[in-house]
Amino acid sequence: MNWNKKLSLGALTCAAVLSLAACSSQNEAGQNVIAKGEGIEVTEDELVKELKASAGNAAVQQLVFGEIFENELGKDRVKEIEDEVDADTVKLVAQYGDEDKFKEVVAANGYSSVDEYKKALRYFKLLTETISKNINVSDDEVKKAYENYEAPRKVSHILVKDEDKAKDLIKQINEGGDFAKLAEENSEDKGSAKEGGSLGEVTKGMMVKEFEEPAFKLKAGEMTQEPVKSQYGWHIIKVDEVGNKGSFDEEKEKLEKQLRKEKMDDPKQVQQVLKDVLDKYQVKITDKDFKNALDTFQTSNDQEAAKKQAEAEEASEESK
């Protein structure tokens, strides 16, 4: 599921319709007209039909889940999140210099206004916090993670495009050359080059596999004796300092957060949480036009039950 600004646009559909309806006139058939010209007439009914077809399901999804998220987190936390959104927006405006420049950035990213951006940010925060709250991390998972855990280490590197050049630099360093100075003069990674090649503290999972494996095999003060190839070029890797692995109790909270984040990055885990909360609140679609809006988040049995319920309700309406 792609929870992006498209959903926000869909969720604004109702507001747009109400706004246009308030300014519309009526034709001879009593229909609200929102646009007219020579041989041209667009009615509110046509607009609603088009919006239902193009954005209706997305809007229903966002409105339903929005209410679920608010119930899951509670009024106090929702208010805190809204305050966070306001504070984040103020910081971004300051970052871009002024409100006009920020509006340009917002528009370039597909939002019609700053308010629409804030609504999307609010929704995203509600979503991620609800997902986090409902993802379970067991003690066994944390214990296993601790067994495989290696403390962060401080690492430096020199990145060059040519293997022969990397070999020559290794030779120079082994003969007494200054790693930091050679990094500053030769490294293609200009960000770390300014720091003498230092990448700062590195944890497992941060770097590409080709870089990570040698970086976590070396001891403090050691350097790779052969250039290391990655998608970025050829690396000379040096470990400056190896951190200390704390006790299980000391590392537990950090590892639990890491495991939770990994699960939140898994679309299947997110999908399961959304299915679970839909089931928890027993959400049913009562409008036949949107009967399939939540199919993505329901099992086949749920879908069949919802379909039968919708058919029964439709038959009941027709019999009246």
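Q: What makes a pair of side chains a salt bridge in this predicted model?
A: A side-chain nitrogen of Lys or Arg has to lie within 4 Å of a carboxyl oxygen of Asp or Glu. Side chains of opposite charge can pair when their charged atoms come close. Happily, this predicted model offers plenty to look at: by that rule the count comes to 22 salt bridges.

Q: Why is the contact between Glu-251 and Lys-254 called a salt bridge?
A: The N to O distance between these side chains is 3.0 Å. The cut-off is within 4 Å, so the pair qualifies.

Q: How do you know how many helical turns separate Glu-251 and Lys-254?
A: Both belong to helix α12 (residues 248-264), and because they are 3 residues apart there, about one helical turn separates them.

Q: Why is Glu-251 called buried, while Lys-254 is called partly exposed?
A: Glu-251 has a relative accessible area of 7%, and buried means under 20%, so the label fits. Lys-254 comes to 42%; partly exposed runs between the 20% and 50% limits, so that is where Lys-254 belongs.

Q: What makes Arg-260 and Glu-256 a salt bridge?
A: Their closest N and O atoms are 3.1 Å apart, which is within 4 Å, so the rule is met. These two also sit in helix α12, where a spacing of 4 residues puts about one helical turn between them.

Q: How do you know whether Arg-260 and Glu-256 are buried or partly exposed?
A: Arg-260 has a relative accessible area of 18%; that is under 20%, so Arg-260 is buried. Glu-256, at 26%, falls between 20% and 50% and therefore counts as partly exposed.

Q: What makes Asp-88 and Lys-125 a link between distant parts of the chain?
A: First, the bridge itself: the closest N and O atoms are 3.2 Å apart, within the 4 Å limit, so this is a salt bridge. Asp-88 lies in helix α4 (residues 75-96) and Lys-125 in helix α6 (residues 114-134), with their positions 37 residues apart in the chain.

Q: Why does Asp-88 count as partly exposed?
A: Its relative accessibility is 25%, which lies between 20% and 50%, so Asp-88 is partly exposed.

Q: What is the wider setting of these pairs?
A: The chain has 14 helices and 7 strands, and buried residues account for 35% of its 320 residues.

Notes
Residues numbered from 1 in each chain as written. Predicted model: local features only at pLDDT ≥ 70, side-chain atom pairs only at ≥ 80, totals over all residues. Heavy atoms only, no water. Buried < 20%, exposed > 50% of the residue type's maximum accessible area, 1.4 Å probe, protein only.
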